[in-house]
Amino acid sequence: MALITKAPRGTQDFVPAESAKMRYIEGVLMKIAEKYGFGEIRTPSFEHTELFVRSVGDTTDVVQKEMYTFEDKKGRSITLKPEGTAGAVRAAMEHGLLAEALPLKLSYITPCFRYEKAQAGRYREFHQFGVELLGAQSSAADAEVIGLVNQCLTTLGVESIRLFINSIGCPNCRPGYQKALREYYQAHYDDLCPTCKDRLERNPLRLLDCKEEKCHALAEHAPVILDYLCEECQQHFDTLKARLDSMGIPYEVDPYIVRGLDYYTKTVFEFKTETIGAQGTVCGGGRYDGLVEMLGGQKQPAVGFGMGLERLALVMEACGALLPEQPRCDICLVPLGEKASVYCSALIQRLREEGFAAESDLMGRSLKAQLKYANKIAARYTMVIGDAELEAGSARLKDMDSGAEAEVAFARLAAELTSREADRLCQGIAQTGPDVAGLLKE
RNA sequence: GUGGGUAUAGCGUAGUUGGUUAACGCGUCAGUUUGUGGCACUGAAGAUCGUGGGUUCGAAUCCCACUAUCCACCCCA
């Protein structure tokens with residue numbers, strides 16, 4: 001019942017060790033997006049509820065039962081964003097970004113909120129890395145976006161993750177397919193599970209996704225959307241496959257991929273893994289040519305994806321992807337006595353101004369305890385400074401890995417160290433060189 | 001929303017025919033002679049045994065409820 005010491009259900013804290021991983025992952029992702037020409041867009045954590053109803057679709061589970069919706073004090077209906085696309089597109093339209101030179105390329109990392117029962121890889125607050133490419137109708141845009149994901153995964157050392165693609169057609173050809181699908185399932189109506197009976201009217205595409213044994217068996221002989229694509233959609237899909245082939249990106253066509261958000265058209269894709277439990281979709285996306293128009297703008301083709309950072313981190317852990325080593329503390333000053341402590345306050349400030357990662361005692365610990373602490377934080381060097389050192393104006397810099405020591409005039413560190421000398425000391429520290437004293441001599 | 005598992009120090013665990021001061025490892029802190037770390041040894045701090053009820057002379061242990069958490073369905077990133 002001690003609620004105040006527990007984060008709300010489905011949320012999680014990122015303690016320093018965890019948040020360091022996330023920062024690394026986010027850095028890699030955004031860096032690659034930048035190379036692909038995507039500029040970061042930051043949009044609010046909440047939007048008018050209507051935005052999501054219109055874009056994500058009012059028959060979808062996300063909108064019907066998973067949104068954090070509330071009224072603000074003036075009675076407006078507000079919703080915490082359940083995904084990233086709607087907000088990014090809204091902002092692009094609001095600021096006239098689509099009137100500039102196209103294509104418009106936007107990227108973001110944002111928290112998302114969905115009221116679902118938490119389980120492995122599924123949280124009520126999670127973080128999405130996403131990209132939106134607006135204005136380009138060519139399958140080259142689809143290929144570029146998929147290529148971006150592919151490069152992100154490769155760079156992060158992710159394995160055991162596969163790409164599945166499909167086309168769900170466009171407003172021209174999808175109705176014909178839905179009709180065929182309804183007719184097929186109608187003939188087997190009695191064999192359907194209750195939820196599927198319900199889905200048959202609302203969104204027949206979903207039936208293909210059902211895992212109930214009977215429904216799943218039926219799906220195997222159901223009409224396949226790919227047989228119903230109009231010429232334009234077919235060509236789009238064919239050229240996309242050709243591009244992925246030429247890019248050397250492996251993929252599998254999965255005619256059963258049905259995305260849960262209404263705005264998708266033509267290309268849909270998922271990057272899935274089986275290594276992190278039931279929630280194995282790490283990245284999902286596709287083309288949404290109708291969205292801008294749905295939001296009241298001029299029709300504008302677009303393609304994008306969302307990638308779950310928590311799931312990504314889980315996959316990386318599962319496949320043993322290497323994370324970069326944490327930068328270690330360069331030097332730990334060890335003052336003995338009040339006088340030295342005061343002096344070290346100044347010295348350490350100087351060292352930090354020069355760019356060193358420097359630590360000193362804040363706990364009033366003994367010499368031995370301070371050195372143990374230095375060891376614990378993996379300090380590369382220590383320097384004990386007591387009355388004798390203050391008197392002499394120099395102390396021994398000790399290499400904590402080798403145990404080697406070198407006499408250094410620390411007064412110079414504090415007061416006279418030029419930035420050039422600091423650079424050299426930095427280099428020396430970086431190289432684990434034992435002859436640190438030499439580095440400071442002209 | 002539906003099902004199943006779990007709940008003992010910061011972390012990981014032990015602890016059933018119910019029985020005196022709840023154990024162990026890691027971690028934290030201190031010490032092993034006074035100004036030099038890692039190893040080892042010694043010691044200390046730290047647990048309302050998830051919460052609330054019930055059974056009993058006596059409950060971490062048995063029963064009920066609640067809560068949290070995990071896994072799966074569902075859905076999706």
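Ser160 sits in the loop that connects H5 with strand E7 (161-167), where helices (H or I, at least four residues) and strands (E, at least two) are DSSP runs numbered from the N terminus. The model is a predicted one, in which local features need pLDDT of at least 70 and side-chain atom pairs count only at pLDDT 80 or more, while totals for chains, interfaces and linings use all residues. Residues are numbered from 1 along each chain as its sequence is written, chains are lettered from A and ligands numbered from 1 in the order in which they are written, and side-chain values use heavy atoms, with hydrogens and water left out.

The backbone at Ser160 deserves a look: phi is near 55°, a positive value in a residue other than glycine. With a relative accessible area of 40%, Ser160 is partly exposed; here buried means under 20% relative accessible area, exposed over 50%, and partly exposed in between (1.4 Å probe, protein chains only). Ala378 also has a positive phi, near 60°, and is likewise not a glycine. Its loop runs between helix H13 (367-376) and strand E14 (381-385), and at a relative accessible area of 34% Ala378 counts as partly exposed. A cis peptide bond, with omega about 5°, links Leu102 to Pro103, and Pro103 belongs to the loop between helix H4 (85-94) and strand E5 (104-113).

Turning to the interior, the largest nonpolar core contains 66 residues, and Phe129, Tyr185, Phe305, Met307 and Leu312 have the most contacts inside it. Such a core is a set of buried Ala, Val, Leu, Ile, Met, Phe, Trp, Tyr and Cys residues joined through side-chain atoms within 4.5 Å. In soluble globular proteins, nonpolar side chains tend to be buried together. Helix H5 (residues 139-155) gives the most to the largest core, contributing 8 residues. Apart from this core lies another, of 29 residues, including Leu51, Ala88, Ile168 and Leu261. For Phe305, contacts (heavy atoms within 4.5 Å) beyond its neighbours within four places in sequence include Tyr108, Phe129, Val145, Leu148, Phe269 and Cys283.

Ile168 is found in the loop between E7 and helix H6 (174-187). Its relative accessible area of 7% makes Ile168 buried. Leaving aside neighbours within four places in sequence, Ile168 touches Arg174, Ile225, Ile257, Tyr264, Thr265, Lys266 and Val268. Ile168 and Arg287 are 119 residues apart in sequence, yet their C-alpha atoms are 9.7 Å apart in space.

Ile168 also helps to line a cavity. Rolling a probe the size of a water molecule over the atoms shows where empty space is left. On a 1 Å grid over the protein atoms alone, a cavity is a set of points where a 1.4 Å probe fits but cannot get out, a pocket is an open set with protein on both sides within 12 Å along at least five of seven lines, and lining residues have an atom within 4 Å of a point. Grid points are joined across faces, edges and corners, and a volume is the space filled by probe spheres set on the points. Searching the whole structure gives 2 cavities of 30 Å³ or more. The second largest has a volume of about 30 Å³ and is lined by Asn166, Ile168, Tyr177, Leu205, Leu208, Ile225, Pro255, Ile257 and Val258. By class, this lining has 8 nonpolar residues, 1 polar and no charged; Ala, Val, Leu, Ile, Met, Phe, Trp, Tyr, Cys and Pro count as nonpolar, Asp, Glu, Lys and Arg as charged, and the others, Gly among them, as polar.

The second largest pocket holds about 350 Å³ of space. Among its 17 lining residues, Gln137, Glu232, His236, Lys266 and Asp289 lie nearest the centre. Helix H9 (231-247) and strand E9 (265-273) are the elements that give two or more residues to this lining, with H9 giving the most, 4 residues. The lining comprises 3 nonpolar, 9 polar and 5 charged residues.

Towards higher residue numbers, helix H12 (residues 338-353) has 16 residues and reaches 23 Å from first C-alpha to last, close to the 22 Å expected at 1.5 Å a residue, the expected span being 1.5 Å times one less than the number of residues. Ala340, Cys344, Leu347, Ile348, Arg350 and Leu351 are the buried residues of H12. Just after this helix, Gly355 adopts a positive phi of about 100°.
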